[in-house]
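Here is a model to go through by question and answer. Please keep the structure in view while reading.

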Amino acid sequence: MLTGVRVLDPAAPAGPVELRTRGGRVASVRPAAGPHEGLVVTPAFVDAHVHATATGLLVDGLDLAGCPSATALLDAVAARARDRPGALIWGHGWQDLGWRVPDRDALDRAAAGCPVYLSRVDVHSALVSSALLARAPAAVSAAGWSDGPLSADAHHHVRRAALDAVDPGTRAAAQEAFLRAAAAVGIGVVHECAGPDISSVDDLAALVVRARADPGAPRVVPYWGQAVATAAQARELLAATGAHGLAGDLFVDGSIGSRTAALRLPYADAPGCHGHPYLDADAVGAHVAACTAAGVQAGFHVIGDAAADTLVEGLRSAARRTSPAAVRARAHRVEHLEMVDADQMATLADLGVVASVQPVFDAWWGGPSGMYVERLGADRSRGMNPFAALHAAGVALAFGSDAPVTPLGPWAAVRAAVDHRTAGSGVPEEVALAAHTTGGHRAAGERSPLAGRLVPGAPASYAVWELGDAPRCLRTVQDGRVLHDTL
């Protein structure tokens with residue numbers, strides 16, 4: 001029992017509350033006789049887009065967030081190579097804003113023969129050493145090849161090689177570190193967005209098994225991002241991967257930061273570059289129709305406005321091949337959706353598509369002088385991540401981190417959504433909280449009106465907080481299981 005707490009649920013009484021649970025369910029939520037003790041209780045948060053192993057690897061990897069120069073990056077690689085000669089060097093988080101990235105020769109000198117994989121903050125390009133390239137020879141002839149950062153298909157080849165170099169013990173430690181970190185910030189459910197260009201079937205299976213075996217781990221909803229053309233193929237792939245749906249990071253395009261998001265007009269800082277499309281509308285439509293017929297969620301990674309065009313055209317095609325009602329019933333999803341116009345929003349709402357979005361992207365890269373302005377120019381950057389417009393159009397929102405792109409931390413996402421850096425694009429706090437709780441359950445296709453709520457009969461899934469400038473999670477409970485506790 002919790003008493004004297006404030007419960008953040010639309011149906012909760014105002015003022016101090018007594019929250020009782022029984023048998024893994026909420027038994028009652030009643031006004032408390034005593035004073036408010038200063039603690040706040042929210043539903044357990046859902047992070048609707050994560051990459052567990054890649055995030056956990058940073059516990060022992062090179063955290064390059066805020067790296068100020070190429071020299072600092074190379075110094076970090078050289079220090080790690082001296083400490084662990086010949087071992088894989090895994091790093092993440094650099095941004096080439098205001099400095100020029102080193103070429104491969106410079107990285108090789110620092111690496112001293114070590115295989116090196118250093119992903120850009122958006123994880124759509126990476127600096128890699130020649131020793132790692134030797135394990136991914138197909139990268140040399142793939143789209144996105146260069147002497148500097150590799151992007152597009154070349155990047156996918158080297159990322160697979162880097163992940164293949166991670167031994168099972170290191171992977172297990174990384175996944176456990178991720179699950180513990182998620183529970184410690186009030187997250188009870190995560191959606192793992194895996195796929196052949198992201199991780200592996202073995203990696204996904206290991207994460208699911210680990211989470212199910214650990215009573216202190218958040219629940220993992222596994223997605224596999226690989227396109228199919230028939231319902232039979234969808235069923236076969238689901239059986240082979242154990243996935244909840246064929247969604248997540250099934251790439252229609254890349255990212256703004258790596259200039260691989262597919263745009264209608266060229267990048268402002270790279271004339272002639274329109275990004276990198278991976279799927280066309282026919283492939284999108286076939287995948288959605290196949291998943292609809294198989295009774296499973298489809299979903300795509302979509303960032304640029306040209307990619308949004310492809311998505312919407314594919315959805316409309318699938319609705320014609322099946323029916324709008326059949327498509328709507330599956331609650332298909334789209335990840336990121338950073339550039340979307342009013343007509344596209346209307347189609348997404350009409351077809352019941354859930355937008356799985358990351359508000360901290362705007363906090364980091366939005367505003368009058370952020371990365372969006374540099375890549376797109378001021379006019380286009382003002383339309384990025386239009387949460388208010390999506391909500392007003394009736395598109396269901398689900399919030400996530402895309403960890404390791406942005407850190408695990410639901411309150412940071414809530415605040416970023418409320419305090420959007422473009423006037424008029426933010427949402428009220430109650431909408432943001434719902435997107436990070438009930439919205440996450442809806443994004444997984446859950447239809448129960450009790451999911452993500454703190455009302456009698458709902459699952460006992462909640463987090464207890466000391467709020468302030470840096471909210472501190474004191475307890476996380478999911479389906480009656482205590483995942484994290486410092487009370």
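The questions below deal with a sheet and with helix packing.

This is a predicted model, in which local features need pLDDT of at least 70, side-chain atom pairs count only at pLDDT 80 or more, and totals for chains, interfaces and linings use all residues. Residues are numbered from 1 along each chain as its sequence is written, and side-chain values use heavy atoms, with hydrogens and water left out.

Q: Which are the edge strands of the open sheet?
A: Helices (H or I, at least four residues) and strands (E, at least two) are DSSP runs numbered from the N terminus, and two strands pair if DSSP finds at least two bridges between them. The sheet has five strands with mixed pairing, in the order S6-S7-S8-S9-S10. Pairing on one side only marks the edge strands, S6 (62–63) and S10 (150–151).

Q: Which residue in S9 stands opposite Leu118?
A: S8 (residues 116–120) and S9 (residues 125–128) run antiparallel and are joined by three bridges. Opposite Leu118 stands Leu127.

Q: Why are H6 and H7 oblique to each other?
A: Axes are lines fitted to C-alpha atoms, for helices over the stretch in contact, with angles from 0 to 180 degrees between N-to-C directions. Angles under 35 degrees count as roughly parallel, over 145 as roughly antiparallel, 65 to 115 as roughly perpendicular and the rest as oblique. H6 (residues 168–184) and H7 (residues 201–213) have axes 10 Å apart and pack at about 50 degrees. H6 and H7 are therefore oblique.
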